[in-house]
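Hi,

Here is the structure I promised to send over. Have a look at it first, and my notes on what turned up follow underneath.

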Amino acid sequence: MNERHRSLISGLSRDLEAVKPLPNLNRLGMAWFLLSAFYVAVVTHLFGPIRPGALTQLVTEPRFLLETMLGVAAILWISLLAFRSAVPAALSKQFAVTGVVLLALWLAQYVIGLFSPALTPSTLGARPHCWLETMLYAVPVILAGLYFVRRFYPLRPVRTSMSIGLAAGMLPALYMQIACMYNPVHILLFHILPGLLMIGVGAGIAAVWRPRRGRRRTKRT
Amino acid sequence: MTGIVTVLGSIPSPPDTPASSAILNKPILMETLTTSASLVPESDERAWADLMVSAQAGNESDYRRLLTELTNVIYNFLRSRFGNHHFIEDCVQESLIAIHQARHTYDRRRPFRPWLFAIVRHKAIDTLRKHNTRQKITGQYKGEQETLSQTGQQSDVESEIIRGSLLDSLSKEYQDVLVLTKIMGFSVAETAEKLGISRSLVKVRVHRAIRKLAQSMEADQL
């Protein structure tokens, strides 16, 4: 070890401050997901009525329920994945692959729905600005997620933020299939696509709002 | 030959043995890590995890001891993968700072080694990517390089640099651009001229070479 390393180690360990132990990432990710889902549901109801009979269809139409539950599972998994990616070595390849597979399975339901829809397509309950609502509702969710993950140490902050953006964008996109009209073409173009665009928004916010890596350094005398 | 001596003289010497290793009641850590960090024994891992937990609580001496030991481990890990050259110094320093900044993210319920090497791998690639011509080697060496390249020979120093197993795994064209630009400190224009290719091709090759290195390091089982 040379003098440069010795003096660096001495500087880093001088006046060392205690740090809080890492919270349970799964619990934190789950809490973010649940609070965000609650917020999206509330704000969607505040800005317009949901499609009449949509909740009943969840009980009476098994494929519609499957579609919705797959969406919930995929978004929850992506949320956990995003939080894990903010801590070195906490995200395994298998966990990431499972998230991608779940997401692909969920989105495949709408592609299949183009030929064989889960519900009869109709314009009942159509919201005039559903695509804009999807994007706007996702922004506070992204900011809340980034507020948490920035406190950790994401080795790839932009990639982590893209995962946060994806989960945040997909939450209102999923809820729109209850709140807005049901038609797979409409869902893919006006709910899913704006939701996917939030990946870019997440990356953009992360590029500007970078983690302050120096703030946990010890005081030097 | 003078050029080779000049450059080898600037290569950092292997780190000292930390006095604190003796506390672990076993042979010096560095000896077990001469070739690969994958040889780190389980007891070291437990000891490091305990030291880190203690450091998280604010214990300065344990933290100093941990960083001292990790310096050697990181040094040997990088040397076994990239060969013995100057940019490793920067990598070790960057890694130590990153470990310090990320120390609150270590979870005692998880193993220490994957956490540590995730940071080191990331910092190594990051340092290599940012590494530019600021660490120019001596003009004397450059002169020798030019002579050697004219005669079509590869210098001993270049061979020494490429000896790192990771660099060795790259194709010749990627090795050439990476060694010339990132390790020997030639500019893109100089590298392009030496290799007889365009500047944009040099940039593309450097980018791809670093990406391949990053992938190789990700796949590294520790």
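Before the details, one cut-off that you'll need: a residue is called exposed if 12 or fewer other C-beta atoms lie within 10 Å of its own, and buried if there are 20 or more. Also keep in mind that this is a predicted model.

Let's use that cut-off straight away on a residue of chain A with an unusual backbone. A:Asp15 isn't a glycine, yet its phi is positive, near 50°. You'll find A:Asp15 in the loop between helix H1 (3–13) and helix H2 (25–46) of chain A. Is A:Asp15 buried or exposed? It has 12 other C-beta atoms within 10 Å, so it counts as exposed.

A:Ala89 makes a nice contrast. Here too phi is positive, about 65°, in a residue that is not a glycine. Its place is the loop that links helix H4 (62–84) to helix H5 (93–113) of chain A. With 22 other C-beta atoms within 10 Å, though, A:Ala89 is buried.

Back to H1(A), since A:Asp15 comes just after that helix. Its buried residues are A:His5, A:Ile9, A:Leu12 and A:Ser13. These sit on the same side of H1(A), because they cover an arc of only 90° around the axis. If you want the background, an α-helix has 3.6 residues a turn, so residues three or four places apart point the same way. On the face turned away from the buried side, H1(A) carries the exposed residues A:Glu3 and A:Ser7.

What do the buried residues of H1(A) pack against? The partners are in the other chain: helix H4 (60–82) and helix H5 (87–101) of chain B.

That brings us to how the two chains meet. In total, 25 residues of chain A are in contact with 29 residues of chain B. On the chain B side, at least two residues come from each of helix H3 (42–56), H4, H5 and helix H6 (112–130). H4(B) gives the largest share, seven residues. Sorted by class, this side of chain B has 13 nonpolar, eleven polar and five charged residues.

A few words on chain B as a whole. It has twelve helices and zero strands, and 42% of its 222 residues count as buried. Taking the contacts in chain B between residues at least 6 apart in sequence, 69% join residues at least 24 apart.

Last, a helix pair in chain A that is worth a look on screen. The axes of helix H6 (residues 130–149) and helix H7 (residues 157–179) of chain A come within 8 Å and cross at roughly 140°. H6(A) and H7(A) are therefore oblique to each other, and their crossing is right-handed. From H6(A), the residues making the contact include A:Tyr137, A:Val141, A:Gly145 and A:Val149. From H7(A), they include A:Ile164, A:Ala168, A:Pro172 and A:Met176. By class, the residues of this contact divide into 13 nonpolar, six polar and one charged. If you're colouring the model by residue type, A:Glu133 of H6(A) is also among the residues making this contact.

That's it from me for now. Shout if anything is unclear.

Cheers

Note on methods
Residues numbered from 1 in each chain as written. Chains lettered and ligands numbered in written order. Predicted model: local features only at pLDDT ≥ 70, side-chain atom pairs only at ≥ 80, totals over all residues. Helix = DSSP H or I, 4+ residues; strand = E, 2+ residues; numbered from the N terminus. Contact = placed C-beta atoms within 7 Å. Axes fitted to C-alpha atoms, helices over the stretch in contact; angles between N-to-C directions. Parallel < 35°, antiparallel > 145°, perpendicular 65-115°, else oblique. Left-handed = near helix turned anticlockwise from the far one by under 90°. Nonpolar A, V, L, I, M, F, W, Y, C, P; charged D, E, K, R; others polar. Arc of directions from axis to C-beta.
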